[in-house]
Amino acid sequence: MPKVSNEAKINIAQFFRNGIIENNPTFVQLLGMCPTLATSTSLLNALGMGAAATFVLICSNLAISLLRKLIPQKIRIAAYIVIIAGFVTMIDLLMQAFVPALSNSLGLFIPLIVVNCIILARAESFASKNRPLPSALDGLTMGIGFTIALSCVAAVREILGSGTLLGFELFGGTAPLSIFALPAGGFLVLGFFIALVQFLKSRKGGTK
Amino acid sequence: MEISLASVFVLAINAVLVENLCLVKFLGICPFLGVSKKTDTAIGMGLAVTFIMTLSSFITWLVYHLILVPAKLEYLRTIAFILVIAALVQFVETALKKLVPSLYSALGIYLPLITTNCAVLGIAITNITENYGLVFSILNGMFCALGFTLAIWIFACVRERIEHCDIPKPFQGFPIALITAALLSFAFMGFSGMEF
């Protein structure tokens, strides 16, 4: 018995390492670029977007995994999209009701979680082939990986672009480089982050 | 909004230059970065998106105002639209294959990718939230898609030249593309002063 639980523990750690570091959906797999760029103007927006996407990822992975034997192979993508769209509508309405300010600032990008490639990619490559519990765990870890990546980009952009972090003023009300709050800054910060990840990966590969 | 030559002109300038789909609104970034390595594939993708987006603006407007609003099912907007777009893409693909094989061979491989292009769904939802009429929705869809085509074409031209440059290793591939996009976005910021 202890051996089994030990194995399960290793698996969970493995899931987290996979979702957050080794196969980080944004920095390594390069999926879900639109929300990463569009909702990373402030850390609060990024956390909201990350939480919404994580919720959808867990629920859709769980539902798709439960239904994986019922969904015919030929129309599986359409079926996945309907399931995902259902959960996205739920989170959209919930956010409008309970956090209207956040819902307003994320705007169009909440319904657009439907076409976030991370969610469809996990449904297709993981949830359709695995049991419900690992699938939900995969959704959770991938969601956390996405949220962390989004928050890194957003923290840099908020500090440089508006001189605040989570709304607190850092430099006495002045913005050091307001360009980072604008669309161009989003591309720039994300480009440098991915370059950093590639640099770290190549160094790790070189020492081996 | 009243339809006149002036209002259509303002809409076109806004959609193509001031509020460019990729570079300002961050919609459709995946194809923008994914299929912009060569100019001809970029133009093919741009035209396929223009075609689908104009059609989908038309159909989603009809679906929303003739089916969802009378039935008081506005909250099903996201599900209804994504299904309409997926079905439309499938239909257009089959129709083109049978009717216009030459166009199909040019656009064919890009069509399935468009279902998950967030720009198509994004514009369909924007048309509804902005309360555009039918004609304005179609025009908005078309102009936004032309803005996308312009951006992806310029971007592909730049990327073709970058191929031959000596880029530091960590920046090769995706990062340098993003930094190029940032510079392009800087250029398009020049238009943001043009308020109508």
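Q: A polar contact is a pair of N or O atoms within 3.5 Å, where within protein one must be able to donate a hydrogen and the other to accept it, and residues adjacent in sequence count only if both atoms are side-chain atoms. How many residue pairs meet this between chain A and chain B?
A: One residue pair does, with both residues at pLDDT 80 or more. The model is predicted: local features need pLDDT of at least 70, side-chain atom pairs need 80 or more, and totals for chains, interfaces and linings use all residues. Residues are numbered from 1 along each chain, chains are lettered from A in written order, and side-chain values use heavy atoms without hydrogens or water.

Q: How many salt bridges (a Lys or Arg side-chain nitrogen within 4 Å of an Asp or Glu carboxyl oxygen) join chain A and chain B?
A: The count is zero.

Q: What makes up the interface of chain A and chain B?
A: Contact (heavy atoms within 4.5 Å) takes in 32 residues from chain A and 35 residues from chain B. Cys34(A), Val115(A) and Phe187(A) lose the most area on the chain A side, together 21% of what that side buries.

Q: Why is the area between chain A and chain B called buried?
A: Because buried area is the accessible area (1.4 Å probe) that two parts lose on being put together, summed over both, the term fits the value of about 3000 Å² here, 86% of it from carbon and sulfur atoms.

Q: At what angle do helix 1 and helix 8 of chain B pack?
A: Helix 1 (residues 5-18) of chain B and helix 8 (residues 134-162) of chain B pack at about 35 degrees, with axes 7 Å apart.

Definitions and conventions. Axes fitted to C-alpha atoms, helices over the stretch in contact; angles between N-to-C directions. Helix = DSSP H or I, 4+ residues; strand = E, 2+ residues; numbered from the N terminus.
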